[in-house]
Each structure stands twice: as C-alpha cells, then as structure tokens.
Amino acid sequence: MMIVPQLWREAARFPAALAWSVGLLVLVFLTHLGQAGAIAWSMSAVLDGRPRDVLVAVALIVGIALLRLALSLAQTSAATLLGGRVRQAVRGRAMAAALVPRRLHDTVARDGSMRSGLSDGVDGTDAYVSKYIPAVVHIFPTCAIAVSGLFLLSPGAGLLVAAAIVFALLGPLAWKRMMARRGLDHWDSYDALSADLLESLRGMATLRTLGDVSGTRERLDDRSEALRRATERVMRGSLAETAVTDLAVQAGVVAAAIAATAHAVTGQAPAVEVYLILLLASEAFRPVRDLSRHWHAGFLGLTAVPALDRIGAFTEPRGTAPDPATPAPGGRAPADGTAELLSVRGLTFRYPDAHRDVLQDFDLTARRGTLTAVVGASGAGKSTFFDLLLGFLAPRAGHVELDGRPLRTSDIAVVSQRPVLFAGTIRDNLAVTGDPEEAELFAACDAAGILDEIRSLPLGFSTEVAEAGTNLSGGQRQRLALARALLARRPVLLVDEPTSALDADRAAGVIDTLHRVARDRVVVMISHRPESLTGVSRILRLDPVHLDRNPS
Ligand SMILES: Nc1ncnc2c1ncn2[C@@H]1O[C@H](COP(=O)(O)OP(=O)(O)OP(=O)(O)O)[C@@H](O)[C@H]1O
C-alpha cells in the first residue's frame, strides 16, 4: 500500500463522491461473500443429495451475480465521477498557477514540460484517485469482515490470513524510496522528450536551414531510448510489488486450506463450514489483489506528481488578488474611454539574480494626441519597460500613473513585436477581446490599414488563419494585431517595433496610422530604427544601465 498525500487530500475535497465510490465497493465485496456462502451451501447439498437445496442455492448464486453486475456498473461510474472531479480541480489550479505573466520571464520552465504536466501529468493521476484510493479505504471494512468470519469458523485460519494480508499491504513499503526515485527518473525523461519535441516542431524551419534535422532526430531518439529504459525500471519495481502481494495471497490461501483440511480430518467441522473456510480465505484476499492491480495500472501516472506539485497544482492560490493581465469576468476588460496623460516616474527594475538594474530612475511623459517613441540599443530594456507597464513585472521603485491614478493592465492594449494569432478565422482573431459590431470591425481594420486586404480575400473576414498565423506575412500579422488592439478600446496603446516587418513605404504608412489612432488614446511605441521615426515628434532614448552607474 502506497500513500500519495497530495492525491489523498484532493480526493478528500469530494467526500460525497469518495464515500459513494467506497460504499459501492464494499457492497460489491459483500456480494462476493454472499456468493461464497451460496456456493459452499450448494456443494454440501450436492454431497448430501439434497436436490431442492441445490436448486435454491444455484438460483441464489445467479441472483447475486446479477446484483453484483449492477453494483459494479454503478461503482465504475462513481469512480469515474470522483476521478474526473479531482482532475478538473487539479488542472484548474495548475493552469491558474502556470498561466501567469511571470511565466513569460521564467527562463527555466520549458513550454513542452508545462504542456506535458498540465495534460498527461494531470490525466495520469486518474487511476490512483478513481481506483486506488477507494480500494485502499474499502480494504479495512472488507478484510475485517472476511477475517472475522474466518476467525469464527477457524481461529487458526483467521490468524494466518490476517498475517498474510498485513504482509501483503506493508511489504511494498520497504522499497518505497526506490520506487519514488525511479518515478522521478521516469517523469524527467518523459518531460525532457516532450519539451524537446515541441521545441523541434516549432523550430523545424530553422533546423532545416541549418541542416540539423538528422541531428535533432538522433537527439530525440536518445531521449526516447532514455524514456523506454526509465519506464522499464518503473514497471519492474511495480511488478515486484505485485509479486510480494501474490506471494502473501498464495501463502495465506494455502495456510487456510491446510487449516480447513485439519478441521475436516479431525472431524471438527461439518462439510459446509470447511468449504466456507476455503472460499472465505480466498475472498479475504480479493481486496488486496484488486489493490495491487490498481497500483500497477496507475503507478506510471503517479510519476508526474512531484512535477505537478512544483507547478502549484496542489496549492490553493493565496489571496484573491486577480492576475493583472486577466480581464474582468465577462470577457472584455472594462475600457475607461480616453485618457490624457501617462506619467512614469523614477522607474527602477532589476531581474532576480541579475547584477545590475535594467532600468534606473526612468521617467516618461506621454500625452494623448502625440505619438511617443522609445528608442535604445538592443538590450537597453525597452521590452522590460513595456512588461513593467503591463504589470507583468513589478518595479523595485517608481510608479506609473494614468491621469493621476495608478495605471491598470485593463487600461492597456498592446501590439507586440511578434504578434500571436490563433487558429480560427480572421474575425475570431479580431474578436478575442469581445464581440465587436460590424462597423467597429471595419473601422478598426481600416485604421490599421488591413481592411482592403481582408476584403480582397475570397472569404473575407471568414478566411482561416493557421496556427500562429503562419499563412500570413509578418506585416499582415502586425496590422491584424493592431486592429485587434484598437478593438479592445483601451485608453493606452503600446506598440513594440511596429515597422520591423515592413518596407520603408509600409513603415511610413504604419507611423501615419499610429499618429491617427493617437488622437484618441495615449500611444507609446518601441523602435530600433530611428530612421523609421520621421514625423514622430516625441522620442525618448533608453540607455543601458552600466555597472559603473549602478555599483550596488
Ligand atoms: N527573464 C530575464 N531574466 C534575466 N535577464 C533578462 C530577462 N529578460 C531580459 N533580460 C535582460 O534584460 C536586459 C533588457 O532586455 P530587454 O529585452 O528589455 O531589452 P530590449 O531593449 O527590449 O532589447 P531588444 O531591442 O534586443 O529587444 C537584457 O540585458 C536582457 O539580457
């Protein structure tokens, strides 16, 4: 018997479902005991030549079998309900813990690992929760009932069976640590393969141009081989657990058979009781055998538990402060109409474990009606500055205000350097922040300079966008993302490198567009290319903070 505390706590959150599942398991077990009694009776009736009793006993056996079928079906559905609820709760918490802004800056976590944890990892816990936990709970009443019955018939047989059950349950604890270690190895191998696979799929075009497809295949083959070896080690350990249980079960049944035979030989018990002792001895081990079967089926899935624990899947979120990037319930974040002034004062930030500040005492004033550009060398901290405005990062000092009150994430729409589009139609992608009216949709696309292109497509707004927008050009993606940002109707628009994917003509067109949209909102853009900023009246230079400026 192996206890995984995190999963027990999860199952205990649904006491009614757990109790229902355990109760039905106990009833199923009682049908086995009843059937054992009926079989013992029928056998003694056959031996004593009592045909009427034989018929009644056979009818009883069939009736009990039908009842067990119905109870087993109900139990399976109860187990599925319990497993499903726990998975839903664990996945919900894991996603809430994983899909947070700080993940953007987590340089250790890999997307493939996160994906495998949230999907396969959570699903892998199902067999333990839905089958193993109820089986552990039901073992106490069921074994107690069977062993007590045996004890009444033959104290020797009862004691021998009880000892064998205790050995079968506690024996595997001897190599619990080894199993935990093997389990960790298994999940690490699975996780590494999953993360490498996702990265290779994403970077396939680059790998092809670098001519490293075969190298990647070899790396993945190595990962796959490591996973196969780790899985074999885990399954060998789990089989050893099953072997100990089987040994104890067989030894217990043989001991009970010897005790029953001794009863029969010494003439201490009539035939029906001898049969009952033999049948009960076998039935007493049924819950133990079931437990072992469920353990073997579910152990591989348990290897994900430490990884899920690290993600935060078993931890109730502290406090109720909403994620600053999450819109208010109901979909669209509240738009506050227009604003006049965005004011940044003394903003200072340093990444954890970094030796210097990225931003130090940074000031910026951006007004509605004026396009403000932030320029600076690569690594100067431009993207970090946007992440601070968006609330993805918390400054060490300084503050950001919009019209004299703290800036909120729901005030901001953003067009990033590499805008992310989703699989679905153009309309779906534009409507992510709400459900715009047709006129609004047209106006936003017109302002973003993409309306004519969409109209010229055979399916117009119903044109399918491939995953990550790969069937669109970089410039089209950027203009669609701009239209999407405009539809969010936020008073502040942040645009990161809007001209990087464009030729000079188109770049000038985008700057014109930004000037236009800046009439209604505060617009701040990041640019690498000062030459593309003709006509931008307000340009702020962000200089990298050097060690000598920041000796601390
Ligand atoms: N998650 C992180 N952890 C630690 N340091 C980081 C992290 N992200 C960025 N940095 C560092 O912070 C500095 C500023 O990075 P940032 O991405 O803000 O620069 P940038 O001006 O936007 O650069 P670019 O123009 O090349 O996009 C860089 O030195 C970078 O190495």
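I take two residues to be in contact if their C-beta atoms, placed from the backbone, lie within 7 Å. The model I am reading is a predicted one.

**Entry: Thr 303**

I started with Thr 303 and asked which residues it is in contact with, leaving aside neighbours within four places in sequence. I found Gly 183, Leu 184, His 186, Trp 187 and Val 234. Thr 303 itself sits in the loop between helix H11 (286-302) and helix H12 (305-311). I then looked up the spacing to Gly 183. The two residues are 120 apart along the chain, yet their C-alpha atoms are separated by 4.6 Å. Is Thr 303 buried or exposed? I count it as buried, because it has 25 C-beta neighbours inside 10 Å.

**Entry: the chain as a whole**

I next stepped back to the protein chain. I noted 18 helices and 11 strands. The chain has 552 residues, and buried ones make up 38% of them. I also looked at contacts with a separation of 6 or more. Residues 24 or more positions apart account for 82% of those.

**Entry: H5 against H6**

I picked one helix pair, H5 (residues 126-153) and H6 (residues 155-170). Their axes are 7 Å apart, and the helices pack at an angle of about 150 degrees. Angles over 145 count as roughly antiparallel, so I log H5 and H6 as roughly antiparallel to each other. Which residues make the contact? On the H5 side I list Cys 143, Val 147, Leu 150 and Phe 151. On the H6 side I list Pro 155, Ala 157, Gly 158, Val 161, Ala 162 and Ile 165. I sorted this contact by class and got 9 nonpolar residues, 1 polar and no charged.

**Entry: the cores**

I looked for nonpolar cores. The largest has 78 residues. Leu 150, Val 161, Ile 277 and Ala 284 have the most contacts inside this core. Leu 150 and Val 161 were already on my list for the contact of H5 with H6. I followed Val 161 further, leaving aside its neighbours within four places in sequence. It is in contact with Val 147, Leu 150, Gly 252, Ala 256, Ala 281 and Ala 284. I also found a second, separate core, this one of 57 residues. Leu 342, Leu 347, Val 465 and Val 495 are among its members. I keep a general remark beside this: in soluble globular proteins, nonpolar side chains tend to be buried together.

**Entry: around the ligand**

How many residues are around the ligand? I have 14. Tyr 351, Ser 378, Lys 382, Ser 383 and Thr 384 come nearest. By class, I record the shell as 4 nonpolar, 9 polar and 1 charged.

**Entry: Gly 469**

I found Gly 469 in the loop between strand S8 (464-465) and helix H17 (474-487). I log Gly 469 as buried, because 22 C-beta neighbours lie inside 10 Å. Outside its neighbours within four places in sequence, it is in contact with Leu 421 and Arg 477. I checked Pro 419 as well. Gly 469 and Pro 419 are 50 residues apart along the chain, with 8.9 Å between their C-alpha atoms.

**Entry: two positive phi values**

I looked up phi for two residues that are not glycine. For Asp 361, phi is near 55 degrees. This residue lies in strand S2 (residues 359-367). Asp 361 has 14 C-beta neighbours inside 10 Å, so I count it as partly exposed.

For Arg 489, phi is about 50 degrees, also positive. I place Arg 489 in the loop between H17 and strand S9 (492-496). With 21 C-beta neighbours inside 10 Å, Arg 489 counts as buried.

**Entry: Ile 3**

My last stop was Ile 3, in the segment before helix H1 (5-12). Is Ile 3 buried or exposed? I log Ile 3 as exposed, because it has 11 C-beta neighbours inside 10 Å. I also looked up Tyr 128. Ile 3 and Tyr 128 are 125 residues apart in sequence, and 9.8 Å apart in space from C-alpha to C-alpha.

Definitions and conventions:
Residues numbered from 1 in each chain as written. Predicted model: local features only at pLDDT ≥ 70, side-chain atom pairs only at ≥ 80, totals over all residues. Axes fitted to C-alpha atoms, helices over the stretch in contact; angles between N-to-C directions. Helix = DSSP H or I, 4+ residues; strand = E, 2+ residues; numbered from the N terminus. Parallel < 35°, antiparallel > 145°, perpendicular 65-115°, else oblique. Nonpolar A, V, L, I, M, F, W, Y, C, P; charged D, E, K, R; others polar. Near = placed C-beta within 6 Å. Core = buried A, V, L, I, M, F, W, Y, C linked by C-beta atoms within 7 Å. Buried ≥ 20, exposed ≤ 12 C-beta atoms within 10 Å, placed from the backbone.
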